[in-house]
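Reader: Please give me a close account of one part of this model, the place where two helices cross, and then connect that part with the rest of the chain. I am a first-year student, so kindly explain each term when it first appears.

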Amino acid sequence: MTNRVPHSDAEYDLPLTGVRVLDFSQFLAGPMCSLRLADLGAEVIKIERPKGGDLCRGLAVGDQWLGDDSLLFHTINRNKASVTADLKKPGDLDAIKTLIGTADVMIHNFRPGVMERIGLGYDAVSAMNPGLIYGVVSGYGTEGPWRDKPGQDLLAQSLSGLVWLTGSADDPPIPTGVSITDITAGMHLAQGVLAALFAQSRNNKGRLVEVSLLASAMDLQFEQFTGYLNSPRELPQRAAVNGANVQSSAPYGLYQTSDGYLAIAMTPIAKLAELLPLPTLAPFSDPAIAFSKRDQIKQIIADHLQSQPTDHWLGLLEPADIWCARVLDWPTLEASGALDALDVVQDIDGAFRTTTCPIRLDGRTLSSNRPAPPLGNDTAHYRQQTQSYAEVKQ
C-alpha cells in the first residue's frame with residue numbers, strides 16, 4: 001500500500017505549504033479546485049454568508065447528511081477553514097479586504113459582474129494585492145450571448161452537445177452520471193492556478209485565471225469536436241449497436257455475456273475472429289472497414305458473447321493480450337483489492353469515508369482526516385489575525 005501522508009505530518013513538506021487560498025465559491029467547480037489545492041498543502045479559507053453559508057451545505061445527494069450539512073458538502077470541503085462575512089456590510093467587507101492582502105490565491109464562481117459590484121473584481125483586488133492569483137469559474141465566460149445563463153453542470157452538458165456522445169444511435173441525449181463539467185472545470189482552474197503560482201514564485205506578479213463550464217465541456221470533447229471542425233460540419237453518429245466512444249471503430253464497446261458484461265477496446269477484428277472463435281467475422285477482417293461496418297461487426301460479436309459467461313471470454317482473450325475487462329459495480333470493485341492497492345479510500349475523522357487525492361507525491365498518498373468546517377468555525381481566528389496584519393501595515 002502507498003505510504004499515506006496526513007497534513008499533520010510535519011516531516012513531509014507538501015508543495016503548497018504556506019500558500020493561502022481564499023475561496024468564495026460554492027457548489028462544486030470552485031470548491032473542487034480549492035480541495036485539490038488543499039490536498040497539496042495549501043491553507044484554504046472558505047468565505048461564506050453568515051446565514052446558510054455555501055449553498056452546497058443544504059444540497060444533499062442521495063439524501064445523505066452529516067449533522068446539519070450534506071455529505072456532499074463534507075466531501076468537497078474537507079481540510080478547509082470557514083470564515084463568515086456579509087460582503088454588503090462595510091465592516092465585514094473591510095475585514096475581508098484585509099484578509100485578501102494576506103492571500104496568495106482567491107477563487108470565486110459568482111456570475112459576471114457580481115464581484116465587481118461588491119468591489120472585489122480583479123482590477124480592484126489587484127490594486128490591494130498585486131501578487132494575488134485571481135481564479136474565476138463561470139458558466140459560459142464573461143462575454144457573449146450566454147454570460148448571464150446559470151452555470152450548472154447539467155445545463156452545461158446539454159448546451160455543449162456532450163449529451164449526444166453517450167449511448168447508441170436510437171437513444172435520446174444522455175448526460176453523464178457524474179457532474180463532469182463542474183469537476184473538470186475545477187481541475188482546469190487548479191491547473192491554471194498552479195501554473196500562475198509557479199510564475200509568481202519567479203516574478204511576484206499576480207494573474208487572472210479564468211475557466212468556464214462550457215470551455216471545459218468542449219475540451220472534454222476535443223477528440224470528437226476536432227473531427228467535426230475538420231469535416232463538412234458533419235455530426236458524429238453514435239453506433240447503432242453497443243455505443244461507446246462515438247468515433248471508435250468496432251469492436252469498441254460493452255457486450256452482454258450470459259452472466260454480466262464485457263468491455264472490449266481497440267482490437268483487430270481478424271484476431272477476435274480467431275480467438276472467440278467466430279468465423280462469421282472473417283469477411284470483416286480488413287481494418288479499413290472497422291468503422292464503416294461497425295454496426296454489423298458489433299452485432300455479430302454481441303450475439304455470440306451472450307452464449308457464455310464473462311469468465312469464459314476473459315479466459316480466451318486476456319492470455320492473448322486483448323484489451324478487455326469485466327464490467328464491475330462498486331461492491332465487486334471494492335472486493336477486488338484494486339482500490340486498496342492504490343490507497344483510494346480514506347477515513348475522515350471517523351465521521352465518513354471518501355476518496356483520497358488521486359495525485360501521489362514521492363510514492364505517498366496525500367490525505368487529511370480534517371472534516372469540512374462548521375459554518376463560521378474560523379471567523380474569530382482570522383479576524384484576530386487580520387486585525388494584527390492591519391495594525392502592522394499602519
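Author: **A helix crossing and its surroundings**

Helix H1 (residues 29–39) and helix H7 (residues 180–203) pack with their axes 7 Å apart, at an angle of about 50°. Helices (H or I, at least four residues) and strands (E, at least two) are DSSP runs, numbered from the N terminus. Axes are lines fitted to C-alpha atoms, for helices over the stretch in contact, and angles between N-to-C directions run from 0 to 180 degrees. The model is a predicted one, in which local features need pLDDT of at least 70 and side-chain atom pairs count only at pLDDT 80 or more, while totals for chains, interfaces and linings use all residues. Residues are numbered from 1 along each chain as its sequence is written, and side-chain values use heavy atoms, with hydrogens and water left out.

H1 and H7 are therefore oblique to each other; angles under 35 degrees count as roughly parallel, over 145 as roughly antiparallel, 65 to 115 as roughly perpendicular and the rest as oblique. The crossing of H1 past H7 is right-handed, a term for a near helix turned clockwise from the far one by less than a right angle, whereas an anticlockwise turn is left-handed.

On the side of H1, the contact is made by Ala-29, Met-32, Cys-33, Arg-36 and Leu-37. H7 contributes Asp-182, Ile-183, Ala-185, Gly-186, Met-187, Leu-189, Ala-190, Val-193 and Leu-194. Contact here means heavy atoms within 4.5 Å. Sorted by class, the contact of H1 with H7 holds eleven nonpolar, one polar and two charged residues. In this scheme Ala, Val, Leu, Ile, Met, Phe, Trp, Tyr, Cys and Pro count as nonpolar, Asp, Glu, Lys and Arg as charged, and the others, Gly among them, as polar.

H7 also leads to a sheet. This open sheet has six strands in the order S6-S3-S2-S7-S8-S9, with parallel pairing; two strands pair if DSSP finds at least two bridges between them. Its edge strands are S6 (81–84) and S9 (207–212), each of which pairs on one side only. On average, neighbouring strands of this sheet are turned by 20° against each other, direction ignored. Strand S2 (residues 20–23) and strand S7 (residues 105–108) pair in the parallel sense over three bridges, and Val-21 stands opposite Val-105 in S7. Helix H3 (residues 90–100) packs on the sheet, touching S2, strand S3 (43–48), S6 and S7, and its direction makes about 145° with that of S2. H7 packs on the sheet as well, where it touches S7, strand S8 (133–138) and S9, with its direction at about 170° to that of S9.

A further helix pair may be set beside the crossing of H1 and H7. The axes of helix H8 (residues 213–220) and H9 come within 5 Å and cross at roughly 85°, which makes H8 roughly perpendicular to H9. Met-218, Asp-219 and Leu-220 in H8 meet Phe-222, Gln-224 and Phe-225 in H9. By class, the contact of H8 with H9 has four nonpolar, one polar and one charged residues.

Beyond H9 (222–229), the loop that leads to S10 contains Pro-251. A cis peptide bond, with omega about 10°, joins Ala-250 and Pro-251. Strand S10 (residues 253–256) then shows a covered face, Gly-253 and Tyr-255, and an uncovered one, Leu-254 and Gln-256. In a regular strand the side chains alternate between the two faces of the sheet. S10 runs antiparallel to strand S11 (residues 261–264), and four bridges join them. The partner of Tyr-255 in S11 is Leu-262, and a hairpin of four residues links S10 to S11.

Two backbone positions later in the chain deserve attention. Phi of Asp-343 is near 55°, a positive value in a residue other than glycine, and Asp-349 likewise has a positive phi of about 55°. Asp-343 is buried, with a relative accessible area of 5%, whereas Asp-349 is exposed, at 52%; buried means under 20% relative accessible area, exposed over 50% and partly exposed in between (1.4 Å probe, protein chains only).

Finally, the whole chain contains 15 helices and 16 strands. Of its 394 residues, 42% count as buried. Along its principal axes, the C-alpha trace spans about 85 × 50 × 45 Å.
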